[in-house]
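Colleague: I am new to this structure and would be glad of a close look at one part of it. Please take your time over the answer.

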Amino acid sequence: MSGRRVVVFPSVSELGPTLAQLVSSRAERALSAGRSSFSLGLSGGSLVSMLSKDLPAVENLDCSRWLIGFCDERLVPFSDPESTYGLYKNQLFGKINIPEDRILAIDPSLPVQECADDYADKLSKAFSPEQIPVFDMLLLGMGPDGHTCSLFPDHPLLQESQRTVAPISDSPKPPPQRVTMTLPTVNAARCVVFVSTGGSKAPVLKHVLEGGEGPALPSALVAPRQGELFWLVDEPAAASLTSQVERPGPGAKL
Ligand SMILES: O=C1O[C@H](COP(=O)(O)O)[C@@H](O)[C@H](O)[C@H]1O
């Protein structure tokens, strides 16, 4: 790992455009390094509206060679407001030139175990011959309990070491049935970016970044083996931090 960067912004209005620039710059980096695609894993929750607003605003953005996957997904029809794919389809995909066949989504009509196997198979084919999907960039959120993807505190899935993708049927946050990337897949990525905003995240952010009582929370277990790790947070979320952070000036690029 090349070191964690914790970057604090006054508010979401400054964070969003910098996140979008970071995605765009890593896409250019991947494609100019000769890779055939830029692979980007998306999360749900609060990230959807931020990305949908700020990514299409990036000048000259060309997503025609991007490959989109989902870090986790809820097992509900795409028309359900809980569907992460459904939200991105309605709010983002129509605004960027991403070919539909470059979006790898779950099949929500399948039972949860088959759905996870089917999604793992889609990733495996897309990333062949790699043994494990190595995404260029994963965008992650963190819940107030420290969960990320659909990896929840104290859940046996945190010990998963073989599967790239796993089903979960007892998610403490509804809906209960979900499909999630496992930690080995998350930690294989070339760049992982957490986005965490709002004062409700301040206690858990401090626990994850600076330590606290009890076992490590799922978000604290994210440590890309050979990639970059960014935490992009706003001032309210960063309010309790005492460790070193970066506070970039307006328009700064990461
Ligand atoms: O349930 C989920 O929650 C997390 C965190 O969401 P946030 O709204 O607190 O940012 C999200 O990253 C994940 O994809 C989603 O399924």
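In which loop is Pro129 found?

Modeller: This is a predicted model, and with that said, Pro129 is found in the loop that runs between helix H4, residues 112–127, and strand S5, residues 137–140. What deserves a close look there is the peptide bond from Ser128 to Pro129, which is cis, with omega near 10°. A cis peptide bond also joins Pro174 and Pro175, where omega is about -5°, and Pro175 lies in the loop between strand S6, residues 165–168, and strand S7, residues 178–181.

Moving on along the chain from strand S5, one comes to the loop between S5 and S6, where Cys149 lies and where Asp154 is found as well. Cys149 has a positive phi of about 50° although it is not a glycine, and Asp154, which is not a glycine either, has a positive phi of about 65°. The surroundings of these two residues can be told apart by their accessibility: Cys149, at 5% relative accessibility, counts as buried because the value is under 20%, whereas Asp154, at 67%, counts as exposed because the value is over 50%.

The ligand is the next thing to look at. It is surrounded by 14 residues, and the closest are Gly44, Ser46, Asp72, Lys173 and Lys201. By class, this shell is made up of two nonpolar, seven polar and five charged residues. Several side chains place a polar atom beside an oxygen atom of the ligand: for Ser46, an N or O atom of the side chain is 2.7 Å from such an oxygen, for Lys201 the corresponding distance is 2.9 Å, and for His147 a polar side-chain atom lies 3.1 Å from an oxygen atom of the ligand. Of the 390 Å² of accessible area that the ligand has on its own, the protein covers 92%, and the ligand sits in the largest pocket.

A last detail concerns helix H2, which spans residues 47–54 and contains Ser52. Ser52 has a relative accessible area of 4% and is therefore buried, since that value is under 20%. A polar atom of the Ser52 side chain lies 2.6 Å from the backbone oxygen of Val48, so that this buried side chain has a polar contact, the distance being within 3.5 Å.

Methods. Residues are numbered from 1 along each chain as its sequence is written. This is a predicted model: local features need pLDDT of at least 70, side-chain atom pairs count only at pLDDT 80 or more; totals for chains, interfaces and linings use all residues. Side-chain values use heavy atoms; hydrogens and water are left out. A residue is near a molecule or strand if one of its heavy atoms lies within 4 Å of it. A polar contact is a pair of N or O atoms within 3.5 Å; within protein, one must be able to donate a hydrogen and the other to accept it, and residues adjacent in sequence count only if both atoms are side-chain atoms. Accessible areas come from the Shrake-Rupley method with a 1.4 Å probe; for residues, only the protein chains shown count as cover. On a 1 Å grid over the protein atoms alone, a cavity is a set of points where a 1.4 Å probe fits but cannot get out, and a pocket is an open set with protein on both sides within 12 Å along at least five of seven lines; lining residues have an atom within 4 Å of a point. A molecule sits in a cavity or pocket if more than half of its atoms lie within 2 Å of its grid points. Ala, Val, Leu, Ile, Met, Phe, Trp, Tyr, Cys and Pro count as nonpolar, Asp, Glu, Lys and Arg as charged, and the others, Gly among them, as polar. Helices (H or I, at least four residues) and strands (E, at least two) are DSSP runs, numbered from the N terminus. Buried means under 20% relative accessible area, exposed over 50%, partly exposed in between (1.4 Å probe, protein chains only).
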